[in-house]
Amino acid sequence: MFIHSEMSPQWKPYQLEYRDLAIANAKDADTKKTAMTMDIEVKQIYLGGLKRIDRCTSCHIGVENPMMAKALLPLKAHSGPYLKNHPSSKFGCTICHNGQGRAVDMKNAHGLGHDTHWDLPILPLKYIQSACASCHDSNMLKDKGGDKVVKGEVLFRERGCKGCHKLNGVGGVIGKALDGVGSQPVAYFPMKNVRGDKTVYSWMKEHFDDPRNIVSTSEMKSDFTDEETDQLTTYVLSLHSDEIPKKYRRFLKEPEVPDTGEYLYKMYCGACHASGKDSVYDEVFKRTIPSIENPSFLKAVDRKYLKTVIEEGRAGTQMTAWKSSAAGLTNAQIDKIVDYIIKDKPAEASEAFDFAAYKPDIRNGEELYRVRCVSCHGKKGEGGVGLNLRNPVVQKGATAEFLAITLRDGREGTHMAAFGPNGAGLTNENIADVVAYVKTLSTKK
């Protein structure tokens, strides 16, 4: 078998066929003579600047010959005008297409199949634009054949992916940081449930389509169309850890991102809180996502409280700490998000609750909590339909007065009913008792 492959290499008949076509299609004597004297050999491009060797043109020998426009693969000329500015002598093939450049048979060159042991097999054409982003920025690509990777980057921002994933040091921590994920080896990804080829490309596409089918413990939400998951896959594949040498790069600038409170909210908060108007029980997170723009909530809180929650997050929940030392937002960016959240804050504040005027009975508060609160907040305040009341931010950041007002007035449009005199009928003394008990929950085991 080895002797046969050496004596009759896969590339040889392609070159012989190419020579015959070149002779037949020659338009003058000099072109015909050049074709007739063509050496039948391994074609090798040494790319010192990229530290790689490509032998792809041993089979794809007609990529830069316009006469091969109608030939069949692998002899066919490269589509489009791309090689005009990216000649194979300077760029090779694998910089854009991936694959194993040194190989001279199709299976190993394309790097496909579980027994080829090649982490970057040839890119499917529908994701080929991911390679463009290694050298070109979105301002250039959006009008010059790179619209898919540009749309994927916009989707990544505007659909709140950075609310869960860090990129360049900024973003949430629910999911993994995505720096360099496009060049991670196959072994990095659990391939058991991938239905297509066991490649990184298939894994990413199928994970965007149905996250929990690929990773059963994933908390990622997916409400994308098939076209959008292709765009997102293309963009995420462009996140390489290996940097292309400077002389190959053109116009690499970070995408221009609006720095308004509304846009920052969309990027970092919208994936979980959506519009912020409604409180919804999330089946993936198994907890209620609070309505942070609910008028009842906004009446009871001030800027300081909101800023503290955003900066510190909520330990034990999916709410990331967004301060610069954690998720990477600046103080100014957090201020803009707070301004956006409170833009419709009612002018009239909630009626005050003078907690200090009461002498709470913690035992009575515990009994009332068991009757009134357990079904939503859990036996030990661990949360469920209602918030986790053991959370340090609630325990330290929420004052007794704030908790009492919330218990008394409830939150219109949410599961949180009003338990005060105008609601379920608890007296202010009862409310003070419950709040006093809630403040002990962090010490309960």
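Here are some short exercises, each with a worked solution, on a predicted model.

**Exercise 1. Work out how the length of helix 13 compares with the span expected for its residues.**

Step 1. Helix 13 covers residues 226–237, which is 12 residues.
Step 2. At 1.5 Å a residue, the helix should span 16 Å.
Step 3. In the model, the C-alpha atoms at its two ends are 17 Å apart, which agrees with the expected value.

**Exercise 2. Find out how many residues of helix 13 are buried, and which helices they pack against.**

Step 1. Buried means under 20% relative accessible area.
Step 2. By that cut-off, 10 of the 12 residues of helix 13 are buried, so the helix is mostly covered.
Step 3. Among them are Glu 228, Thr 229, Asp 230, Leu 232 and Tyr 235.
Step 4. The buried residues of helix 13 pack against helix 8 (129–132), helix 10 (147–158) and helix 11 (200–209).

**Exercise 3. Is Lys 205 buried or exposed, and which residues does it touch?**

Step 1. Start with its place: Lys 205 lies in helix 11.
Step 2. Its relative accessibility is 9%, and therefore Lys 205 counts as buried.
Step 3. Leaving out residues up to four places away in sequence, Lys 205 touches Tyr 127, Asp 226, Thr 229, Asp 230 and Thr 233.
Step 4. With Asp 230 there is a polar contact between the two side chains, at 3.3 Å.

**Exercise 4. Follow Asp 230 to its salt bridge with Lys 126, and say which parts of the chain the pair ties together.**

Step 1. The side chains of Lys 126 and Asp 230 meet in a salt bridge, with 3.7 Å from N to O.
Step 2. Lys 126 sits in the loop between helix 7 (106–110) and helix 8, while Asp 230 is in helix 13, so the pair links parts that are 104 residues apart in sequence.
Step 3. Now look at exposure: Lys 126 is partly exposed at 41% relative accessibility, whereas Asp 230 is buried at 11%.
Step 4. Salt bridges with shared partners join Lys 126, Lys 205, Asp 209, Asp 226 and Asp 230 into one network.

**Exercise 5. Explain why Glu 206 has no salt bridge, although it is buried.**

Step 1. Glu 206 lies in helix 11.
Step 2. The nearest side chain of opposite charge belongs to Arg 195, and it is 4.2 Å away.
Step 3. A salt bridge needs the nitrogen and the oxygen within 4 Å, so Glu 206 has none.
Step 4. Apart from neighbours within four places in sequence, Glu 206 is still in contact with Arg 195, along with Asn 193, Val 194, Gly 196, Pro 211 and Ile 214.

**Exercise 6. Identify which residues of the largest nonpolar core touch the most other members.**

Step 1. This core has 49 residues.
Step 2. Those touching the most other members are Tyr 268, Phe 297, Ile 341, Phe 402 and Val 435.
Step 3. The elements that give two or more residues to the core include helix 14 (261–268), helix 18 (331–341) and helix 23 (428–438).
Step 4. Apart from it lies another core, of 28 residues, including Ala 131, Val 149, Leu 167 and Tyr 201.

**Exercise 7. Decide whether helix 23 is enclosed or open, and name its packing partners.**

Step 1. Of its 11 residues, 8 are buried, so helix 23 is largely enclosed by the rest of the structure.
Step 2. Val 435 is one of the buried residues, as are Ile 431 and Tyr 437.
Step 3. The buried residues of helix 23 pack against helix 19, helix 21 and helix 22.

Definitions and conventions: Residues are numbered from 1 along each chain as its sequence is written. This is a predicted model: local features need pLDDT of at least 70, side-chain atom pairs count only at pLDDT 80 or more; totals for chains, interfaces and linings use all residues. Side-chain values use heavy atoms; hydrogens and water are left out. Helices (H or I, at least four residues) and strands (E, at least two) are DSSP runs, numbered from the N terminus. The expected span of a helix is 1.5 Å times one less than its number of residues. Buried means under 20% relative accessible area, exposed over 50%, partly exposed in between (1.4 Å probe, protein chains only). Contact means heavy atoms within 4.5 Å. A polar contact is a pair of N or O atoms within 3.5 Å; within protein, one must be able to donate a hydrogen and the other to accept it, and residues adjacent in sequence count only if both atoms are side-chain atoms. Lys and Arg count as positive and Asp and Glu as negative; His and the chain ends are not counted. A nonpolar core is a set of buried Ala, Val, Leu, Ile, Met, Phe, Trp, Tyr and Cys residues joined through side-chain atoms within 4.5 Å.
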